[in-house]
Structures are given as C-alpha cells and as structure tokens.
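Student: I am new to this protein. Please take me closely through one part of it, the sheet and its surroundings.

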Amino acid sequence: MSKVIEILRKEEKRQKTVINLIPSENYVSKNVLRALGSVFTNKYAEGKSGFRYYSGNKFTDELEDYVKELGLKVFGASSKEYGINVQPYSGSIANLAAYLSVLKSGDKILAMSLEHGGHLTHGHKVSMTGQLFSFSHYGVNTKGFIDYKDILKIAKKFRPKLIVAGATAYPREINFKKFREIADEVGALLMADVSHIAGLIVGGVHLSPIPYADIVTSTTHKTLRGPRGAIIISKHQIQKSKFNLTESIDKTVFPGLQGGPQMHTIAAMGVAFEEALQPSFKKYANQVVKNAKKLAEELKRAGFKLISGGTDNHLILVDVTSLGLLGKEAADRLEANGIIVNKNSIPFDTRKPWDPSGIRLGTPAVTTQGMKEEDMVEIAKRIAETLISKS
Ligand SMILES: Cc1ncc(COP(=O)(O)O)c(C=O)c1O
C-alpha cells in the first residue's frame with residue numbers, strides 16, 4: 001500500500017477517535033470531499049469566467065459563475081451592489097489582496113491586535129501585512145470585550161484609511177454596525193474578516209457585516225464547513241467614487257498574487273454553499289452556539305477562568321494560569337487524554353504566542369458530529385479531570 005494512503009488512514013482514524021475542540025476546524029461532508037477529489041483538480045483556469053488564458057474552460061466557467069452566485073446568496077448580498085471573488089487560496093491571501101486592492105504600501109490600517117484576538121494578517125509584525133502597511137491596533141477592555149468608544153478614540157487620532165473588524169480568538173459577537181459608524185466618522189473604509197464566524201452569520205445566529213462593510217473576507221473551512229479556501233465579497237462602488245472595487249480585487253488576486261485558481265476547491269466551496277442554504281444549516285449554526293455556551297457554563301462551574309466570562313459564538317478562551325498551568329502544558333495534557341484544543345494568547349498576556357497563558361476551545365466540529373448540550377457536560381467534566389485534579 002502507498003505510504004501516503006497508510007498515513008491518510010491513520011489520520012482518518014485519529015479524527016474519528018478524538019474530541020476535536022479546535023474552533024477553526026470542522027468535518028466536511030462526503031460531497032465536499034468528493035468535489036475536492038474531483039477532476040477539476042486537473043484543470044488550469046488562470047483568469048476569470050469568459051477571460052481565461054487556457055482553452056477547455058467551458059465547464060470551469062459554468063462552475064465558477066455558479067459558485068459566485070451561491071456565495072453572494074449565502075451572505076445575502078445582491079449582485080447589483082456586490083461582487084465576489086472565490087479564487088483566494090487561503091484567508092491570509094484574501095486579506096492581503098483586500099488591503100492591496102484599496103491601499104498603497106505604507107497606508108494606515110486599524111485592526112485588532114494578535115494578543116487581544118486578531119489574526120496575524122491583521123498587521124502583526126511577523127506578517128507581510130504588518131511590514132507592508134502602517135498598522136495601529138485596538139484590543140479588548142479588562143473585562144475581555146471590544147470597547148467601541150475606545151476604537152473611535154484611536155481611529156480619530158490615527159486616521160486610518162481602512163478599519164478591520166474581525167478576529168480569530170474573540171468569544172463575543174462583533175457589532176459591524178458600530179464599526180461602520182466609526183469608519184464613517186473618520187472617513188475610513190471598513191473591512192470585515194468573518195473567517196471564524198462565517199457559518200454563524202450564514203446560519204442567521206450572528207449579525208451580518210452586510211450591508212455595513214465595504215469588503216468582507218472569509219475562509220470557507222471553519223464554521224462554514226467547506227474546503228480550505230477563501231472568498232472576498234466587496235461593494236462594486238465605494239465612497240461614491242468611480243473606482244470599481246470588485247474589479248480591483250479581481251486583478252489583485254489574479255495576476256497580482258496568484259496563478260491558476262484551484263477549481264476543485266471552488267467546486268467544493270459550491271457544495272458547501274449549497275449545504276449552507278439548507279434549513280439544516282441554520283439548526284447546525286444555532287447548536288454550535290448552544291453547545292459553546294453550555295461548555296463555557298460547565299467549565300466555569302468547574303473553576304476555569306474564561307476570558308470575558310463566557311461566549312456568544314463558537315469559541316471559548318480560557319486563562320489556565322489561575323490553575324498553575326501554562327497553555328502549552330494544558331493543550332498537551334488534553335491531547336494525551338484525547339481532547340484536541342489549541343494553546344492561545346489571552347488579552348494582556350505577558351507570555352509569547354509559542355507558550356501562552358491560555359487555551360482556545362470551540363464547538364463547530366463536535367456539533368457536526370451531532371453532539372448536544374448533554375455531551376458538553378461530559379466534555380467539561382473530562383477537561384476538568386485532566387487539568388484541575390492533576391494540577
Ligand atoms: C480571522 C482570520 N483571518 C484569516 C485567517 C487566515 O486563514 P488561512 O489560515 O486560510 O490563511 C484566519 C485563520 O486562522 C483567521 O482566523
């Protein structure tokens with residue numbers, strides 16, 4: 001047997017036997033996997049529908065047009081006002097493409113800091129985004145919540161051209177309407193990076209960034225339960241100018257940053273969007289949040305300190321230092337006991353990201369497996385037994 005197939009089988013077994021609480025992971029459907037492993041992996045399709053650099057793209061065009069139409073539909077964005085690009089290879093590329101489409105190198109961006117829940121591509125110094133643009137960062141208050149008045153104060157002083165709303169480790173709902181008001185007060189564009197919460201938005205559980213944001217970027221593989229890839233939705237027109245934002249984004253993605261789109265991934269995105277339009281996806285998104293709230297409640301009852309005291313979404317951030325532990329040690333101990341989480345910085349962390357003070361847990365994957373609130377009680381018990389009694 002091929003060594004790769006052997007490893008693949010081992011990974012399949014691992015995924016089935018662990019309790020996966022990584023909030024950015026999920027289990028895609030058989031049909032999403034089928035599309036990923038389809039013949040579209042054989043096709044080169046540089047360009048966009050109707051403007052390809054290779055022949056033989058009749059069905060590629062049909063596919064990409066259909067997936068784009070679905071992508072706008074799941075986010076409730078009308079094609080009259082919005083465009084969509086489904087080609088970005090990942091969320092990081094989508095964010096870079098969005099910045100480069102509206103800004104010049106050195107321009108000012110205001111985003112959430114990594115330490116307080118933002119992503120690397122929100123201008124961390126080790127990310128190319130932080131090196132190409134001039135970032136200022138906002139964070140959360142001492143209670144762990146975004147303070148919109150504070151963001152306005154920073155924005156008035158910093159005068160960014162673009163504000164980024166969105167996070168990778170923020171357990172509370174984001175108010176995109178308030179972000180829009182802040183952006184308007186300082187004449188900035190607003191970008192929402194909804195990579196983590198896309199499934200909750202599409203499922204109607206969280207406030208949508210549409211119509212507030214000028215640009216919406218998202219990965220498709222987290223709560224949205226699709227393949228690893230990303231999309232950029234944008235208004236055609238911004239700030240009443242003649243500049244066409246959608247066209248600018250298309251050009252930045254290809255040929256600016258990428259070559260041929262991964263059409264098998266785009267096919268799988270289409271399947272995931274079809275699934276997200278089913279009523280069962282609304283139920284799923286609701287259950288993800290119900291499970292996270294229950295897990296948070298039980299962990300608190302067991303003595304864990306949660307950042308912001310709980311959650312509104314699919315993830316929970318725990319400060320494990322109050323138990324005399326560190327994030328890496330806690331994650332390792334849990335893995336040894338079949339529970340997969342990730343170590344994570346917490347707001348005001350004095351430790352480095354490689355060995356931070358917290359762990360991050362989430363419910364998208366276990367909810368896909370059909371788990372409900374009563375299962376969260378059991379999981380919390382196992383986590384407490386692993387971390388509290390042995391610490
Ligand atoms: C908010 C946010 N934006 C962007 C990304 C980057 O996505 P990718 O890992 O696909 O590059 C992530 C991934 O964790 C994320 O959480």
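Tutor: Here is the sheet, followed by the domains and the ligand shell.

This is a predicted model: local features need pLDDT of at least 70, side-chain atom pairs count only at pLDDT 80 or more, and totals for chains, interfaces and linings use all residues. Residues are numbered from 1 along each chain as its sequence is written.

Start with the sheet. It is open and has four strands, in the order S11-S12-S15-S14, with antiparallel pairing. Strands here are DSSP runs of E, at least two residues; helices are runs of H or I, at least four residues; both are numbered from the N terminus. Two strands pair if DSSP finds at least two bridges between them. The edges are strand S11 (305-306) and strand S14 (342-344), and each pairs on one side only. S11 and S12 pair in the antiparallel sense over two bridges. Leucine 306 has valine 318, in S12, as its bridge partner.

Now add the helices. H11 packs on the sheet and touches S11, S12 and strand S15 (358-362). Touching is contact: C-beta atoms, placed from the backbone, within 7 Å. The direction of H11 makes about 20° with that of S12. Helix H12 (residues 327-336) lies across S14 and S15 and runs at about 170° to S14. For these angles, axes are lines fitted to C-alpha atoms, for helices over the stretch in contact; angles run from 0 to 180 degrees between N-to-C directions.

Next, the domains. The assignment gives domain 1 (18-25 + 286-387) and domain 2 (30-276); such bounds come from an automatic or database domain assignment. Their C-alpha centres lie 27 Å apart. The contact takes 21 residues from domain 1 and 22 residues from domain 2. On the side of domain 1 that touches domain 2, helix H11 (279-301), strand S12 (315-319) and helix H13 (364-368) each supply at least two residues. That side divides into nine nonpolar, nine polar and three charged residues. Nonpolar means Ala, Val, Leu, Ile, Met, Phe, Trp, Tyr, Cys and Pro; charged means Asp, Glu, Lys and Arg; the others, Gly among them, are polar.

Last, the ligand. Of the 15 residues around the ligand, Ser90, Gly91, Ser92, Thr168 and Ser195 come nearest. A residue is near if its C-beta atom, placed from the backbone, lies within 6 Å. Helix H4 (residues 91-102) gives the largest share of the shell, three residues. The shell divides into two nonpolar, twelve polar and one charged.

Methods. Contact = placed C-beta atoms within 7 Å.
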